[in-house]
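Colleague: Hi, do you have a minute to walk me through this model? I'd like to go over the fold and then a few odd spots.

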Amino acid sequence: MDSMLDKQVLQNLKTISLSMFRKNFFGIFHGSISTKLEEGHFLINKKDAIFDDLDEDSLITLYHKRDYRWNDASMDAFIHSLLYQNIPNAKYIAYVMPPFSVSYTLTHNKIIPKDYFGYKVLGTLDVYDPKDFDSWYERADVEINRYFKESGKKIMVIRGYGVYAYHRDLQVLSKLFALLENTCRILHFSSLLEGSKQTQDLFDI
């Protein structure tokens with residue numbers, strides 16, 4: 001990482017990364033988080049970063065034009081790069097895989113919140129179908145970029161893959177993931193309770 005980088009930037013990323021790791025949004029080596037620096041380059045985790053203990057050696061500064069440094073960067077770096085180049089309001093980007101959110105996408109085409117905060121903040125979210133997983137990473141940068149530009153949303157839920165989001169504020173970015181996961185958890189338990197009620201009704205004579 002650039003030794004001249006603001007230490008507060010590192011601390012902010014470290015704090016949010018640890019929080020999301022504890023919520024099981026990041027895996028040991030799974031996920032990505034980045035921030036735009038000056039025009040033309042951005043900071044992102046390395047491919048071997050451990051998200052509960054980010055430090056200077058866990059991060060790398062990249063220019064949008066690929067060079068040797070890209071070899072050490074997260075495999076998601078090309079997606080982050082394209083989003084920064086095409087979405088002016090993106091200051092922070094993260095890719096996570098929250099378990100309830102991802103599970104919900106396997107059987108639903110939309111996420112329609114039944115809880116107040118999910119309804120007010122997230123609204124209805126379409127579940128994006130990546131279709132062929134084998135070719136997904138060859139298409140992901142273009143398709144994710146297109147989705148954000150066409151939908152106007154700051155969050156993208158991808159079936160069986162995870163969630164991308166961007167924002168100008170890192171704290172708000174982390175709250176979007178937390179709200180989505182809480183919404184999907186509520187929908188999951190609501191479905192179980194409804195199924196249980198229907199079963200019970202069969203025995204009520």
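Modeller: Sure, one convention before anything else: helices (H or I, at least four residues) and strands (E, at least two) are DSSP runs, numbered from the N terminus. The model is predicted, with local features needing pLDDT of at least 70 and side-chain atom pairs counting only at pLDDT 80 or more, while totals for chains, interfaces and linings use all residues. Residues are numbered from 1 along each chain as its sequence is written, and side-chain values use heavy atoms, leaving out hydrogens and water.

Colleague: Good. Where does asparagine 24 lie?

Modeller: Asparagine 24 is in the loop that links α1 (7-22) to β1. Its phi is positive, about 70°, although this residue is not a glycine.

Colleague: And how accessible is asparagine 24?

Modeller: Asparagine 24 has 46% relative accessibility, so it counts as partly exposed. On that scale, buried means under 20% relative accessible area and exposed over 50%, with partly exposed in between (1.4 Å probe, protein chains only).

Colleague: What about lysine 131, buried or exposed?

Modeller: Lysine 131 is exposed, at 67% relative accessible area. You'll find lysine 131 in the loop between β6 and α5, and its phi, near 60°, is a positive value in a residue other than glycine.

Colleague: Let's zoom out. How many helices and strands are there in the protein chain?

Modeller: Six helices and eight strands. Read from the N terminus, the elements go α-β-β-β-α-β-α-β-α-β-α-β-β-α.

Colleague: In what order do the strands sit in the sheet?

Modeller: The eight strands make an open sheet, ordered β3-β2-β1-β4-β8-β7-β6-β5, with mixed pairing. The edges are β3 (59-63) and β5 (110-111), each with a single partner strand, so each has one side without a neighbour in the sheet. Helix α5 packs on this sheet and touches β6, β7 and β8, with its direction at about 140° to that of β7. Two strands count as paired if DSSP finds at least two bridges between them. Axes are lines fitted to C-alpha atoms, for helices over the stretch in contact, and angles run from 0 to 180 degrees between N-to-C directions.

Colleague: Stay with α5 for a second. Where is the kink in it centred?

Modeller: On valine 142, with a kink of about 30° in α5 (residues 136-151). The bend at a residue is the angle between axes fitted to the seven residues ending there and the seven starting there. Just past the helix, glycine 152 has a positive phi of about 75°.

Colleague: Which residues of α5 are buried, and what covers them?

Modeller: Among the buried ones are Trp136, Ile144, Tyr147 and Phe148. Their cover includes α2 (77-86), β6 (125-128), β7 (155-158) and β8 (162-167). Contact here means heavy atoms within 4.5 Å.

Colleague: Back to the sheet: which strands is β1 joined to?

Modeller: Four bridges join β1 to β4 (residues 92-96), and three join β1 to β2 (residues 41-45). Both pairs run antiparallel. Opposite isoleucine 33 in β4 is its bridge partner, alanine 94, while serine 34 faces isoleucine 44 in β2. The β1-β2 hairpin has four residues between its strands, and glycine 40 in the turn has a positive phi of about 105°.

Colleague: How covered is β1?

Modeller: Mostly covered: five of the five residues in strand β1 (residues 32-36) are buried. Ser32, Ser34 and Lys36 lie on one side, with Ile33 and Thr35 on the other. In a regular strand, side chains alternate between the two faces of the sheet.

Colleague: And serine 58, what does it touch?

Modeller: Ile44, Asn45, Lys46, Ala49 and Asp53, leaving aside residues up to four places away in sequence. Serine 58 sits in the loop between β2 and β3 and is buried, at 8% relative accessible area.

Colleague: Last one: what is the radius of gyration of the protein chain?

Modeller: The protein chain has 18 Å, which agrees with the value near 17 Å for a compact globule of 205 residues. That radius is taken over C-alpha atoms, and the globule rule is 2.2 Å times the number of residues to the power 0.38. The C-alpha trace spans about 75 × 30 × 30 Å along its principal axes. Buried residues make up 46% of the chain.
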